[in-house]
Amino acid sequence: MKTVSENRAYGGVQGVYSHASDACSCDMTFAVYMPPQAKDGPVPCLWYLSGLTCTHENAMTKAGLQAHAAEFGLALVFPDTSPRGEGVADDEAYDLGQGAGFYVNATEAPWVPHFRMYDYVTKELRALVQEAFAVTDAHGITGHSMGGHGALTLAINNPDLYRSLSAFAPIAHPTASDWGRKQLAAYLGSNEAVWAAHDATLVLKDKGWKSDILVDQGASDQFLDLLKPEALAAALAETRTPSTFRMQEGYDHSYYFVSTFGRDHVQWHAERLKA
């Protein structure tokens, strides 16, 4: 692991790091914020998965989560959204290829050599973070848009890895959306039965979730028809999953929305990770 930068922030340290990834077969960059409480011992860890077109940097600089993490004593991890670099497959469209990994392990050409973001986040980067930073094994996960999809599906499929779960405007039903069908077909092939494990609405119905879930969605989000929050809300009700699902009047899909409700999410995770 190489240190790209480290900056003092709210009494803690915001760092950016790179490493050679076995899962993605390329160099990957990620960011970690360590709060001031980490000076006294390991702290719980909250993962933030970003959306389409983003890198590790978008939430790190726009979401304003560091102040809340310092207040509540959580580490923050900001992974990239896809493999990158020379030789890594890409597409001219913004919603496929580099910047659009969808947090799955690709099985189809030309994506299969590098696009293994599911294993990267849940296995490789998690192990690296546990080894290199003063964090406990109490991890929570959240994310925005494509990252909200990732947070929900990774947590529900791996309940032993995550103790708390939330999402901002997640792509909630990708098998029924143009933000999903295109990417899942490209990465995983034409068998839609395989896609179901990466659809929050379907996997919740299939497996349930062990605890409660917090979801915030902007009621004026310009991408509501693609996100399909009503499908996730119905699945939460059908499975009787304890949840707080908030349609926030007037808010869109931007980081202004994420930063407005960021403190609520960090506090919500802190209460569960420290319980």
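Which residue in S7 is the bridge partner of Gly140? Ser164 in S7 is the bridge partner of Gly140. This is a predicted model, where local features need pLDDT of at least 70, side-chain atom pairs count only at pLDDT 80 or more, and totals for chains, interfaces and linings use all residues. Residues are numbered from 1 along each chain as its sequence is written, and side-chain values use heavy atoms, without hydrogens and water.

**The sheet**
- Nine strands (E runs in DSSP of at least two residues, numbered from the N terminus) make an open sheet with mixed pairing.
- Their order is S1-S2-S3-S5-S4-S6-S7-S8-S9.
- Strands S1 (2-9) and S9 (243-248) are at the edges with a single partner strand each, so one side of each has no neighbour in the sheet.
- From one strand to the next, the twist averages 20 degrees.
- Axes are lines fitted to C-alpha atoms, for helices over the stretch in contact, and angles run from 0 to 180 degrees between N-to-C directions.

**One strand pair**
- Strands pair if DSSP finds at least two bridges between them.
- S6 (residues 135-143) and S7 (residues 164-168) run parallel and are joined by two bridges.

**Helices on the sheet**
- Helices are DSSP runs of H or I with at least four residues, and contact means heavy atoms within 4.5 Å.
- H2 (residues 65-72) packs on the sheet and touches S2, S3, S4 and S5.
- The direction of H2 makes about 150 degrees with that of S5.
- H10 (residues 255-273) also packs on the sheet, touching S4, S6, S7, S8 and S9.

**A buried helix**
- Twelve of the twelve residues of H4 are buried (under 20% relative accessible area, 1.4 Å probe, protein chains only), so H4 is largely enclosed by the rest of the structure.
- Among them are Met146, His149 and Asn157.

Terms used:
Buried < 20%, exposed > 50% of the residue type's maximum accessible area, 1.4 Å probe, protein only.
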